[in-house]
Amino acid sequence: MTTLADIPGPWRLDAACNPLTADTYYPHKGSSSAAAKEVCHHCYVEGECLAYALERNEKVGIWGGKSRQERRAMRAKAAEAVTP
Ligand code: SF4
């Protein structure tokens, strides 16, 4: 599992989240991700974070304000858009 602390990109330094509260960004099945998403939506690097997760196909956690399921839907929609 990749966490923000593992990311070499400079954008990580502007992250609104804190590695010490990483559990918030990896909610257990059935628990709410609302608190993490709220922080993400006020984060200066939300777009960079989401792009990073999409590029790496991150399977777990909230990245850029999106859950794994939301990222999967975004990738599927993007794939549909490029399919002739
Ligand atoms: S968008 Fe969310 S997970 Fe990504 S760096 Fe910002 S607060 Fe952290």
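User: What do the buried residues of α2 pack against?
Analyst: Heads up first: this is a predicted model, so local features need a pLDDT of at least 70, side-chain atom pairs count only at pLDDT 80 or more, and totals for chains, interfaces and linings use all residues. Residues are numbered from 1 along each chain as its sequence is written. Helices here are DSSP runs of H or I with at least four residues, and they are numbered from the N terminus. Packing means contact, with C-beta atoms placed from the backbone and lying within 7 Å, and the buried residues of α2 pack against α1 and α3 (68–82).

User: Which residues of α2 are buried?
Analyst: Let's pin down the word: a residue is buried if 20 or more other C-beta atoms lie within 10 Å of its own, exposed if 12 or fewer, and partly exposed in between, with C-beta atoms placed from the backbone. In α2, the buried ones are E46, C49, L50 and A53.

User: Within what arc do the buried residues of α2 fall?
Analyst: An α-helix has 3.6 residues a turn, so residues three or four places apart point the same way. The arc is taken from the directions that run from the helix axis to the C-beta atoms. The buried residues of α2 line one face of the helix, because, seen down its axis, they fall within an arc of 95 degrees.

User: Which residues are exposed on the other side of α2?
Analyst: We've just met the buried face, with C49 and L50 among its residues. Turn to the other side of α2, and the exposed residues are G47, E55 and R56.

User: Which residue follows α2, with a positive phi?
Analyst: This residue sits in the loop between α2 and α3. Its phi is about 55 degrees although it is not a glycine. It counts as exposed because 10 other C-beta atoms lie within 10 Å. The residue that follows α2 is N57.

User: How many residues make up the largest nonpolar core?
Analyst: In soluble globular proteins, nonpolar side chains tend to be buried together. A nonpolar core is a set of buried Ala, Val, Leu, Ile, Met, Phe, Trp, Tyr and Cys residues joined through C-beta atoms within 7 Å. Here the largest one includes L4, Y25, I62 and W63, and its full count is 12 residues.

User: Which helix gives the most to this core?
Analyst: Both α1 and α2 supply at least two residues of the core. The biggest giver, with 3 residues, is α2.

User: Is L4 buried or exposed?
Analyst: L4 is found in the segment before α1. Along the chain, L4 and W63 are 59 residues apart, yet their C-alpha atoms are separated by 9.3 Å. Because L4 has 20 other C-beta atoms within 10 Å, it counts as buried.

User: Which residues is Y25 in contact with, leaving aside its neighbours within four places in sequence?
Analyst: Y25 is one of the residues in the largest nonpolar core. Its contacts beyond those neighbours are C17, A36, G61 and I62.

User: How many residues surround the ligand?
Analyst: A residue counts as near the ligand if its C-beta atom, placed from the backbone, lies within 6 Å of it. The closest are A15, C17, C40, C43 and C49. Helices α1 (34–40) and α2 (46–56) each supply at least two residues of this shell. The number of residues around the ligand is 15.

User: How many nonpolar residues does the shell around the ligand have?
Analyst: Ala, Val, Leu, Ile, Met, Phe, Trp, Tyr, Cys and Pro count as nonpolar, Asp, Glu, Lys and Arg as charged, and the others, Gly among them, as polar. The shell has 2 polar residues and 1 charged residue, while its nonpolar count is 12.

User: Which residues does A16 touch, not counting those up to four places away in sequence?
Analyst: A16 is found in the segment before α1. It counts as partly exposed because it has 14 C-beta neighbours inside 10 Å. A16 and E46 are 30 residues apart in sequence and 8.9 Å apart in space, C-alpha to C-alpha. The residues that A16 touches are V39, H42 and C43.

User: What pLDDT does the chain average?
Analyst: pLDDT is the predictor's confidence in each residue, from 0 to 100. In this chain, 96% of the residues score at least 70. The chain's average pLDDT is 88.

Conventions: Contact = placed C-beta atoms within 7 Å.
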